[in-house]
Amino acid sequence: MKVLVTGGTGYIGSHTTVELLANGHEVIIVDNLDNSSKIVLDRIEKITGKRPDFIEGDVLDTDFIVRVLKDNRVDAVIHFAALKAVGESVADPLRYYQTNVGGTVSVCKAMLATGVNKIIFSSSATVYGDQPIPYTESTPREPQNPYGRTKFVSELVLADVAAANPDFCAVALRYFNPVGAHPSGEIGEDPNGIPNNLMPYISQVAAGQREKLSVYGNDYPTKDGTAIRDYIHVADLAEGHLAALQKIYDPGFHTFNLGAGHGESVLEVIVAFEQATGQTIPYQFADRRAGDLAEYYADAALAESQLGWRVKRTITDASADAWHWQSGNPNGYKNVV
Ligand SMILES: NC(=O)c1ccc[n+]([C@@H]2O[C@H](COP(=O)([O-])OP(=O)(O)OC[C@H]3O[C@@H](n4cnc5c(N)ncnc54)[C@H](O)[C@@H]3O)[C@@H](O)[C@H]2O)c1
């Protein structure tokens, strides 16, 4: 298949591109490089021996996406391009609605204009909000912040477009907490400034770039008092996209949780990282952060039964791979010549 991957130079998009190329698909990446680098293309080529086509541009430019779809005879779209920082979305919600919801509307318009009927969309476990665990796909969606609401509204857009267009197939994949890197150490998560996520933060502490980790909250009603999340290796996530691309053809709107189906506490992640890497992670306890939930994890049974997909890798694998990436690329893709 010929696949348009929006946001394909980003963290999850680059790993999924590797998986697509390794399985014989052709990839055209569209990215405006807002949060990524063209160096990723060299790295993807180094891993796979194939260079994806790349066109710099914005998903909000519908005419541009129409041209890309037409000129390249694209069969399906995987739509990663979005903004993803929860705190930023609280401070600047319109930017998030514009890029995330507007981007989804724009991509769908371009698809309808060109007869491309299949889209796989990056959704998130944040669409659920504070609900009983584990989350199944039918758990009510009550996102707690603007970022989560942009994902929820984008899902509604896709469901409505699928309802109005009988050939349209939209698959929303609700990711839990993506971690790790490609085992080659060539591609990985490259946050700008202070990392928002736990594993990149731990990696930077291990590398001596940050003094210590703050563990937000040690009085949650969990086994050790720290917050529990469902961590999923980014290579498992990439395989989930391949499964959705190859197995789901029925028109309509489909959703799948992509998670491990169990959670790890912050302290368990620290121990796993230390054991996998031999590094020591100094940490201190800090107050809970507003809006953080105590514990959530996926019920991933639907993905297993319908996509034939389940995670293969552990938090220890993810830690080893994240450290391989971090130690080989202390500044991420920055300053690479
Ligand atoms: N990483 C996570 O923890 C996580 C969890 C759940 C869902 N998601 C979703 O997965 C997707 C990918 O996330 P990621 O972690 O790879 O993020 P990322 O920032 O690494 O990748 C997103 C890419 O989209 C590009 N982009 C942003 N706005 C664009 C625009 N208007 N036009 C074209 N390109 C644009 C960026 O330059 C970047 O390369 C996002 O939709 C995100 O919301 C991520």
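This tour moves from the ligand to the nonpolar cores of a predicted model. Local features are taken at pLDDT of at least 70 and side-chain atom pairs at pLDDT 80 or more, while totals for chains, interfaces and linings use all residues. Residues are numbered from 1 along each chain as its sequence is written, and side-chain values use heavy atoms, with hydrogens and water left out.

**The ligand**

Select the ligand and the 27 residues around it, counting a residue if one of its heavy atoms lies within 4 Å. Asp31, Asn35, Ser36, Lys84 and Tyr147 come nearest. By class, this shell has 10 nonpolar, 12 polar (Gly among them) and five charged (Asp, Glu, Lys or Arg) residues.

Next, select three polar contacts, that is, pairs of N or O atoms within 3.5 Å. A backbone N or O atom of asparagine 32 is 3.2 Å from a ligand nitrogen. A polar backbone atom of aspartate 34 lies 3.0 Å from a ligand oxygen. A polar side-chain atom of lysine 84 is 2.8 Å from an oxygen atom of the ligand.

Now colour strand 5 (118-124), a DSSP run of E with at least two residues. Strand 5 gives the most to the shell, with three residues.

**The cores**

Select Leu20, Val171, Leu173, Leu258, Leu307 and Trp309. Of the 39 residues in the largest nonpolar core (buried Ala, Val, Leu, Ile, Met, Phe, Trp, Tyr and Cys residues joined through side-chain atoms within 4.5 Å; buried means under 20% relative accessible area, 1.4 Å probe, protein chains only), these touch the most other members. A second, separate core of 26 residues includes Val59, Phe64, Val66 and Cys108.

Note on methods. Polar contact = N/O pair within 3.5 Å; in protein donor to acceptor, adjacent residues only side chain to side chain. Helix = DSSP H or I, 4+ residues; strand = E, 2+ residues; numbered from the N terminus. Buried < 20%, exposed > 50% of the residue type's maximum accessible area, 1.4 Å probe, protein only.
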